[in-house]
Amino acid sequence: MLNDRFRLGNICLSEANFSDLAPIPSRGLALGFLLWMLGAALPTQAGTYNYATGVPTDIAINGSGYLQFRDPATGLLTFSRDGILTLNSDGYLVSLGGMSVQGITDPALSTIGDLKIDNTGGQGTNNPPPALASFEIQTNGGILVHLSDGSSFVRGQILLGVIPNPSALTQIWNQMFVWSSAIEPLTQLVPPGTSGTGALLPGYLQQLAPELQLSLNHGPPKILSQGLLVDTSVDTDLGIQGNGFFVLRRTNDNAHFATRAGAFYIDAQGYLVHYSGLRLQGYTNAARSGVGDVQIDAVSSPSAPNPAVAVEQFEIDPRGVITEYLSDGTSYVRGQVLLQNCSNPDSLTRGSFDLYPLKTDSGLWSPISQPFTNNLGWLDSWTVELSQFDTNLLAFRSNLYFFMQGPFVVTQIPANLAIMGPGFFTVRDPVANNLYATRWGGFALDDLGHLVTTNGLRLQGLDNADLTESGDITIDTTGAPNPSLAMTNYSIDFQGHIYVALSDGSQFMRGQILLQYYRNPQGLTRAGGGLYSNLTAAEPMFTNGLSGYIEQSQIISGGVEQPPILPTLQLLPTTGYRLLINDYSGGVVESSGDLRRWEAVNTIYSADLNVAEYFDTSPSTQKFYRVVIQTPTEVGPWPLGGSPATNGTPSSGGILVLHPL
């Protein structure tokens with residue numbers, strides 16, 4: 001325990017005084033104090049401690065210095081004290097976000113730039129030169145490289161930034177800051193241990209002590225104030241950290257709107273569409289040269305289309321850059337989400353679905369630009385800014401699984417089908433002749449050869465070898481070149497083509513399963529069993545009741561798609577206590593009424609800025625909170641590329657006494 005004392009601001013209370021603390025009867029002010037159980041950790045600056053990991057690329061700074069990083073894509077320089085570093089595939093020392101550590105890059109210690117750890121600069125004339133065997137980071141930042149022939153040399157040196165005025169730093173990412181040159185000029189980087197920066201502690205990391213703040217929540221925040229971002233596990237959810245707005249376009253009249261509610265889905269044409277039905281705007285090509293409707297492909301790339309190659313996943317990075325990863329192992333940049341800023345957001349009128357009419361001639365809006373520029377902020381994927389949601393957005397989200405891809409379960413049954421991408425199967429009730437939409441593909445062959453659901457509804461598509469007649473899909477020998485041959489097997493390809501194998505070893509195409517998509521999928525009505533009715537109101541994209549092959553999707557035979565499990569979101573409470581936790585980097589927030597029995601709180605809303613919040617609407621007159629974190633234990637030394645175990649001893653911090661306000 002750190003000096004066996006509790007900390008209350010700058011005041012230290014001895015442990016014996018703890019029993020003397022009593023509820024504050026006056027105006028109900030909140031009393032907060034921090035309790036730290038640190039084990040064998042090394043004390044450092046107030047509110048932090050260093051713990052051993054044994055990982056050679058982990059470093060803590062035993063002083064006031066900052067690491068400097070550079071974004072390889074934009075050249076943006078940032079500062080951080082977060083010493084979780086790693087080597088990328090090219091040997092550069094980088095942050096977990098891929099930012100390059102800055103320092104002296106050559107054995108002659110003459111050039112400052114991106115630090116690389118390899119065998120370049122080693123002495124000797126061996127050809128090929130000896131390989132990199134291991135390395136160590138020294139307390140002065142020197143990177144000592146050990147080669148396979150037993151020799152060693154200093155490859156470079158990590159340098160630190162001197163920040164005499166921390167208020168000149170603006171946080172833009174998880175413990176990552178940028179320098180505001182408008183406040184004061186930036187000083188030169190210096191070796192660790194000089195100019196008050198402090199020496200490096202290799203194999204250690206710095207743990208921040210959570211800071212707890214209590215306030216009474218009188219209602220929702222100002223409409224356009226920055227809200228915390230809630231993790232959703234939905235890859236089309238986007239949050240904004242900063243002042244920017246997403247730009248949306250209404251396709252029928254080309255009207256543009258702004259929003260901070262980054263709730264999107266991918267439609268049948270691959271466009272990123274807001275819950276309001278408007279398309280997200282940004283760069284639409286790899287060159288990032290043309291602004292328009294942002295699109296994410298599902299089959300190959302636009303520059304080299306190949307229907308046999310699928311887009312298996314995509315990501316949107318903090319700069320808004322969209323990267324697609326293909327089934328052949330390649331990847332490419334598809335485009336970039338752009339933002340705009342409003343000079344006077346308080347003058348805006350908020351409409352349904354968190355939409356703001358965007359009038360470029362009003363003088364309020366900046367030109368559409370890339371994140372990280374013009375004070376726009378940056379994007380955070382898989383999160384939403386819940387304070388920007390209204391009841392319409394949440395109601396629409398209750399049907400979000402129409403657009404979400406669920407997990408794929410292999411069954412090895414050829415009649416079992418899954419849709420990879422957007423779209424629906426169409427099935428028909430042969431008795432009532434009603435059509436339904438479904439994504440559940442647990443089909444089977446009935447006695448007549450129809451592909452049917454568990455309750456006998458028949459899958460629809462093109463039911464002849466010429467692919468000219470629509471109706472109930474049937475798998476038999478009808479249309480075979482030699483009708484006398486028996487069917488021995490069948491298969492279904494990614495476009496839904498059905499191939500029947502015959503007893504002589506030949507095969508023929510029997511028909512094709514088709515998919516349907518809807519312009520207004522929220523108009524579908526649940527009919528039970530994974531079925532949806534009211535298809536006309538949902539506006540089918542393919543006319544005359546006929547579905548078609550959707551290029552954005554594939555049909556996978558031999559498995560089924562399970563319904564996706566999405567987190568439940570609800571509007572933030574308008575009254576109650578709001579507990580704000582700064583420097584929250586993981587762990588469990590617990591509450592207690594008597595400091596003896598502790599229970600985990602129900603919901604913690606967390607964001608990438610190491611901030612979390614908890615709303616308590618219970619009528620309790622007194623409650624305590626604490627953050628319980630896991631401190632990894634030292635298990636090194638670690639070989640090149642090694643990592644520590646995640647187990648460790650728990651430590652608790654930030655006990656907050658809560659009284660009525």
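Is leucine 147 buried or exposed in this structure? Leucine 147 is buried, with a relative accessible area of 6%. Buried means under 20% relative accessible area, exposed means over 50%, and partly exposed is in between (1.4 Å probe, protein chains only).

The model is predicted, and local features need pLDDT of at least 70, side-chain atom pairs count only at pLDDT 80 or more, and totals for chains, interfaces and linings use all residues. Residues are numbered from 1 along each chain as its sequence is written, and side-chain values use heavy atoms, with hydrogens and water left out.

## The chain as a whole

The chain has 661 residues, and 49% of them are buried. Its secondary structure consists of one helix and 58 strands. Helices (H or I, at least four residues) and strands (E, at least two) are DSSP runs, numbered from the N terminus. The accessible surface of the chain is about 30100 Å², and carbon and sulfur atoms hold 51% of it. Accessible areas come from the Shrake-Rupley method with a 1.4 Å probe; for residues, only the protein chains shown count as cover. Among the contacts in the chain with a separation of 6 or more, 63% are between residues 24 or more positions apart. A contact means heavy atoms within 4.5 Å.

## Leucine 147 and its surroundings

Leucine 147 belongs to strand β14 (residues 142-147). Leaving out residues up to four places away in sequence, leucine 147 touches Asn119, Gly122, Pro130, Ala131, Leu132, Ala133 and Phe153. Proline 129 is 18 residues from leucine 147 in sequence, and their C-alpha atoms are 9.1 Å apart in space.

## Strand β7 and its partners

Strand β7 (residues 66-70) is mostly covered, since four of its five residues are buried. Two strands pair if DSSP finds at least two bridges between them. The table lists the pairings of β7 and one residue pair from each.

| Partner strand | Bridges to β7 | Residue in β7 | Opposite residue |
|---|---|---|---|
| β16 (residues 160-161) | two, antiparallel | tyrosine 66 | glycine 161 |
| β8 (residues 77-80) | four, antiparallel | leucine 67 | serine 80 |
| β11 (residues 100-104) | two, antiparallel | arginine 70 | serine 100 |

β7 and β8 form a hairpin with six residues between them. In the turn, glycine 75 has a positive phi of about 80°.

Serine 100, the bridge partner of arginine 70, is buried, with a relative accessible area of 3%. Apart from residues up to four places away in sequence, serine 100 touches Gln68, Phe69, Arg70, Pro72, Leu93, Val94 and Asp114.

## Nonpolar cores

A nonpolar core is a set of buried Ala, Val, Leu, Ile, Met, Phe, Trp, Tyr and Cys residues joined through side-chain atoms within 4.5 Å. The largest such core has 45 residues, and Phe246 and Leu280 touch the most other members. The elements that give two or more residues to this core are β23 (238-241), β24 (245-249), β26 (264-266), β27 (272-274), β30 (311-316) and α1 (391-397). Setting aside neighbours within four places in sequence, phenylalanine 246 has contacts that include Leu238, Ile240, Phe257, Leu280, Val337 and Leu379. A second, separate core has 24 residues, including Ile419, Ile498, Phe508 and Leu531.

## A surface patch and a partly exposed serine

On the surface, Phe408, Val410 and Met420 form a nonpolar patch with about 260 Å² of accessible area together. Patches are made of residues with over 30% relative accessible area and no salt bridge; like charges are joined within 9 Å, and nonpolar side chains (Val, Leu, Ile, Met, Phe, Trp, Tyr) within 5 Å. A salt bridge is a side-chain nitrogen of Lys or Arg within 4 Å of a carboxyl oxygen of Asp or Glu. Valine 410 lies in strand β37 (residues 408-410) and is exposed, with a relative accessible area of 58%.

Serine 533, in strand β49 (residues 531-533), is partly exposed at 21% relative accessible area. Serine 533 and tyrosine 436 are 97 residues apart in sequence, but 5.1 Å apart in space, C-alpha to C-alpha.

## Two loop residues with positive phi

Arginine 288 has a positive phi, near 50°, and is a residue other than glycine. Arginine 288 lies in the loop between β28 (279-283) and β29 (291-293). Leucine 467 is not a glycine either, and its phi is positive at about 60°. Leucine 467 is in the loop between β43 (458-462) and β44 (470-472).
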